[in-house]
Amino acid sequence: MNLHRGFSDNGIAWELEHKPIEWRCDDPEIGQYQYRYDPRVVWLEDRYYVTWCNGYFGPTIGIGYTFDFEKFVFLENALLPYNRNGVLFPRKINGRYVMLNRPSDNGHTPFGNIYLSQSPDLIHWGQHRFVMGVKPGWQSTKIGAGPIPIETPEGWLMFYHGVLTSCNGFVYSFGAAILDLDQPWKVIYRGGPYLLSPQTYYECVGDVPNVAFPCTALYDQPTGRIAIYYGGADTVTALAFTRLDDVINFVKTTSIL
């Protein structure tokens, strides 16, 4: 498990480099790693930041940055193991950097709620806040943040995955919630049903079966269209389209708060 660069002219057909990204790091103690996976990329202030699940005596949240996707610099492991699903917000809130995350264990984690952590410098993280926990049904085992939240007049639109434990193992689907703009640990609306679940062969059979895992959401403001890239059973990266107004209306009208 490692991180690679990929390039595309249209966002659909991608050329992926076989050689993993080489992360420059001034501290050899944290420069070593066991694995890297589940990256998220966000433009924040003057550069692109990348967060991922980094293997450092167990899963934690690695943070690095790049200006040009040529040189990559590893900053630090943000949190103590064990933690996954580190997702930065695209701007500071109340003068602090903000990141969603989910405490976990060293295995396949049969539990998990979403938390929020804050930092003055992207190195030191604290002021942890509970965001939301599991609910009956498709998100009854664990939940975790997905793509970078999208800022809207209604609040921060957060896509997240939920996991159900079935007789066929874990089933990963994803839904959406709206968080307060100034206090993003406060949930304003939370959609009851899922938006998308494993329904096709490539989403149901793979390295980890029965998984639809959202990792990137690109919002085109002039048209209102959202492109969601999601992992299908750890086998392919799939692409789905929706519209901002439709998702917000769905979340508000089905909210289970």
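**Cores, a buried threonine and a cavity**

At 1% relative accessibility, Thr109 counts as buried in this predicted model.

Q: Which strand gives the most residues to the largest nonpolar core?
A: The largest nonpolar core has 33 residues, and Leu100 and Trp125 touch the most other members. The strand that gives the most to this core, with 4 residues, spans residues 97-103. That strand is E9.

Q: How many residues are in the second, separate core?
A: The second core is separate from the largest one and includes Ile150, Leu196, Tyr230 and Ile248. Its residue count is 18.

Q: Is Thr109 buried or exposed?
A: Thr109 is found in the loop between E9 and strand E10 (114-119). Residues up to four places away in sequence aside, Thr109 touches Arg84, Arg102, Ser104, Lys142 and Phe170. The cut-off for buried is under 20% relative accessible area. Thr109 has 1% relative accessibility, so it counts as buried.

Q: With which side chain does the side chain of Thr109 make a polar contact?
A: The contact runs from side chain to side chain, at 2.7 Å. The partner is Asp105.

Q: Which elements give two or more residues to the lining of the largest cavity?
A: The count comes to 1 cavity of 30 Å³ or more, and the largest cavity has a volume of about 30 Å³. Its lining consists of Ile30, Gly31, Gln32, Tyr33, Arg36, Trp52, Asn54 and Phe74. By class these are 4 nonpolar, 3 polar and 1 charged residues. The elements giving two or more of the lining residues are helix H1 (28-31) and strand E5 (47-55).

Methods:
Residues numbered from 1 in each chain as written. Predicted model: local features only at pLDDT ≥ 70, side-chain atom pairs only at ≥ 80, totals over all residues. Heavy atoms only, no water. Core = buried A, V, L, I, M, F, W, Y, C linked by side-chain atoms within 4.5 Å. Buried < 20%, exposed > 50% of the residue type's maximum accessible area, 1.4 Å probe, protein only. Polar contact = N/O pair within 3.5 Å; in protein donor to acceptor, adjacent residues only side chain to side chain. Contact = heavy atoms within 4.5 Å. 1 Å grid on protein atoms, 1.4 Å probe; cavity = no way out; pocket = protein on both sides within 12 Å on 5 of 7 lines; lining within 4 Å. Points joined across faces, edges and corners; volume = space filled by probe spheres on them. Nonpolar A, V, L, I, M, F, W, Y, C, P; charged D, E, K, R; others polar.
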